[in-house]
Every structure is written in structure tokens, then in C-alpha cells.
Amino acid sequence: MRTPLMAGNWKMYKSASETVEFFEQFRPLVEAANDRDIVIAPTFVNIPAAVDSVRGSHIGIGGQNLHWAKEGAFTGEISGPMLKTVGADWVIIGHSERRQYFGETDATVLKRTIAALEAGLKPIVCVGEKLEDRESGATNDVLKTQFDGGIAGLSAEQFAQIAIAYEPVWAIGTGKTATPQMAEDAHKAIRALVAGKFGADAAAATRILYGGSVKPDNAKILMSEEDIDGVLVGGAALDPKSFAAIVNF
Ligand code: PEP
């Protein structure tokens, strides 16, 4: 009932020509996968090359972040309308690397999410615990704090337009994937938070993606869990064959 959403986050990798080469190889491999949403988030400067490369396909292109203002004296930032103008339809918000290295907070996640929706972008909002949280048994508390301080500030109408990505920080880029059961438990906990705030129908409709060392050989088992509706992939999304294998799980 929830359409799978398979998203790739390229972080600060690939040139414009590498972007074009990726899509030349990737497009034919996922042509038949039209029962799922496919998104790639390149660096800002390569969004136009990516948009040109996917024209006529069902692959969507996203930003990896946006500022909450439409324009202004914010050196180095990019706004929602700017992303939309160059052809992006999606945007990742609150990635743990933004939280860890660039001071992103739950409050700024909320501001960016609202700005994305106002610009007509579809946000993928990230949450997830650090290793010490998991080891001290605080995973669900951390998820609740992130949810309450960010996503819960949306209206029901706004909430209906977002996807959530559960990305345990200890699993990102480390090769350590959460077991399907760990991921499923966290997804269930997030869905319960959604139900508590926005109601059972919203909880049933929301797509919750798993992210953290997803590879071709673990995508299928993760996707077989009831509450895992898609994946957010870093490293393995850089290679067209490996991301296509994940998309086609
Ligand atoms: C990510 O960047 O969101 C991510 C999950 O990275 P990786 O797949 O490399 O762990």
C-alpha cells in the first residue's frame, strides 16, 4: 500500500561528467522499476546535469539540504525555490552529517522542512541515534526527542507530504547495518510517534526509509520488513549497478 521510495545520497562526490555517465548506465537498469519512486540527490552544482540526464524517466532528483529562507544574505546557502527552479523535486533534510558537522538541530530541521514544502519540494527528513544512545538503551528516547522537536511541529497537511528516513548514525558509512529486526523496531517506534501526533491513518500512510550501509545483498531482507518502506543509500548509490540492484531488490 505504501509505494517504495529508493533514494541515493551522493554527498560530496561526483563531477558533472561522472553524473552524466552514472545515469547513462543507471537508467536502463531501472526502467522497468516503475512501481517505486527512485531519487538521487547529487551535489547542488550537479543537479542541472542530473535533471537533464533523467528527463523522460521516472527518476527524481533532489537536493541534500536547503536553507529555510527564500533568499537573503546567507553566504554559501541554497533556497527551496532555487532547487525547484533547476528541476529538483525532492530534498533530504536533517541528515546526520548535517547535524554532526554543520550544527543542524531539530528546530532547523523543522524550518527547512516547512520551507521545502512551501517551495513544492518533497522532503525526506532524517532521524537516528548515535552509537552511545543505542548502547545505553536510549534509541527510542532520542527518536522521540528528534520527532517532537522537529517533525511534530508540522501541520497534518504538511506532514502528509514528507517521508522519514531512520538512519542510525553508527551504521552510516561504516559497513555496520542495523539488523532487520533493529531497523524494524525503530521504524515501529517512529510509526507509533506519528500515530500519537497525527493519527492512525497518517501513520499507516507515511513512508519510513532505512539508511545505514544498505547494499545490494541486504536490501531485500530490509525491504521485507513490514515497516521499512524504502532506503536511503550513501556509498552504494554511487555505483549505477549497485544502486540499480538495490532499487530492483
Ligand atoms: C547516507 O548517507 O544517508 C547513508 C546511509 O550512507 P551509507 O549508505 O554509505 O551508510
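Just past the end of helix 9, glycine 199 adopts a positive phi of about 100°. That is one detail of a predicted model, and the helix leading up to this glycine is a good place to start. Helix 9 covers residues 180-198, which makes 19 residues. From first C-alpha to last, helix 9 reaches 26 Å, close to the 27 Å expected at 1.5 Å a residue. Plenty of its side chains are tucked away: the buried set takes in Ala183, Glu184, Ala186, His187, Ala189, Ile190, Arg191, Leu193, Val194 and Phe198. Charged residues turn up in that set alongside the greasy ones, with Glu184 and Arg191 among them.

On to the strands. Strand 1 (residues 5-9) runs parallel to strand 2, and the two are paired over five bridges. Strand 2 in turn pairs with strand 3, again in the parallel sense, this time over three bridges. Isoleucine 38 of strand 2 ties the two pairings together: methionine 6 stands opposite isoleucine 38, and isoleucine 59 is the bridge partner of isoleucine 38 in strand 3. Strand 2 (residues 37-41) has four of its five residues buried, so the rest of the structure largely encloses it. Strand 3 is mostly covered too, with five of its five residues buried. In a regular strand, side chains alternate between the two faces of the sheet. In strand 3, Ile59, Ile61 and Gly63 point one way while Gly60 and Gly62 point the other, and all of them are buried.

Things open up after strand 3. Glycine 72 sits in the loop between strand 3 (59-63) and helix 3 (80-85). With a relative accessible area of 55%, glycine 72 comes out as exposed, because the cut-off for that label is over 50%. Measuring C-alpha to C-alpha, glycine 72 is 24 Å from alanine 41, with 31 residues separating the two in sequence.

Aromatic side chains make up another theme, with ten aromatic pairs in the structure. The ring centres of phenylalanine 22 and phenylalanine 23 lie 5.1 Å apart with the planes at 85°, so this pair is edge-to-face. Phenylalanine 23 also pairs with phenylalanine 26: here the centres are 6.4 Å apart and the planes at 70°, so this one is edge-to-face as well. Phenylalanine 23 and phenylalanine 26 are both in helix 1 (residues 16-30), three residues apart, or about one turn of the helix. Residues three or four places apart in an α-helix point the same way, because there are 3.6 residues a turn. Both phenylalanine 22 and phenylalanine 23 are buried, the latter with a relative accessible area of 1%. Phenylalanine 26 is down at 0% and counts as buried. Together with Trp10 and Phe243, these three phenylalanines form one aromatic cluster. Tryptophan 10 has a charged visitor too, as the charged end of lysine 14 sits over its ring, 5.2 Å from the centre.

A similar arrangement shows up elsewhere, where the charged end of arginine 98 sits over the ring of phenylalanine 102, 4.2 Å from its centre. Arginine 98 also touches glutamate 104, a residue in the loop between helix 4 (96-101) and helix 5 (106-118). Despite its loop position, glutamate 104 counts as buried, at 7% relative accessibility. Its side chain makes a polar contact of 2.6 Å with the side chain of threonine 108. Leaving aside residues up to four places away in sequence, glutamate 104 touches Asn65, Gly94, Arg98, Arg99, Val109 and Arg112.

How values were computed: Residues are numbered from 1 along each chain as its sequence is written. This is a predicted model: local features need pLDDT of at least 70, side-chain atom pairs count only at pLDDT 80 or more; totals for chains, interfaces and linings use all residues. Side-chain values use heavy atoms; hydrogens and water are left out. Buried means under 20% relative accessible area, exposed over 50%, partly exposed in between (1.4 Å probe, protein chains only). A polar contact is a pair of N or O atoms within 3.5 Å; within protein, one must be able to donate a hydrogen and the other to accept it, and residues adjacent in sequence count only if both atoms are side-chain atoms. Contact means heavy atoms within 4.5 Å. The expected span of a helix is 1.5 Å times one less than its number of residues. Rings of Phe, Tyr and Trp (its six-membered ring) pair if their centres lie within 6.5 Å; planes under 30 degrees apart count as stacked, over 60 as edge-to-face and the rest as tilted. A charge sits over a ring if NZ of Lys or CZ of Arg is within 6 Å of the ring centre and within 35 degrees of the ring normal. Two strands pair if DSSP finds at least two bridges between them.
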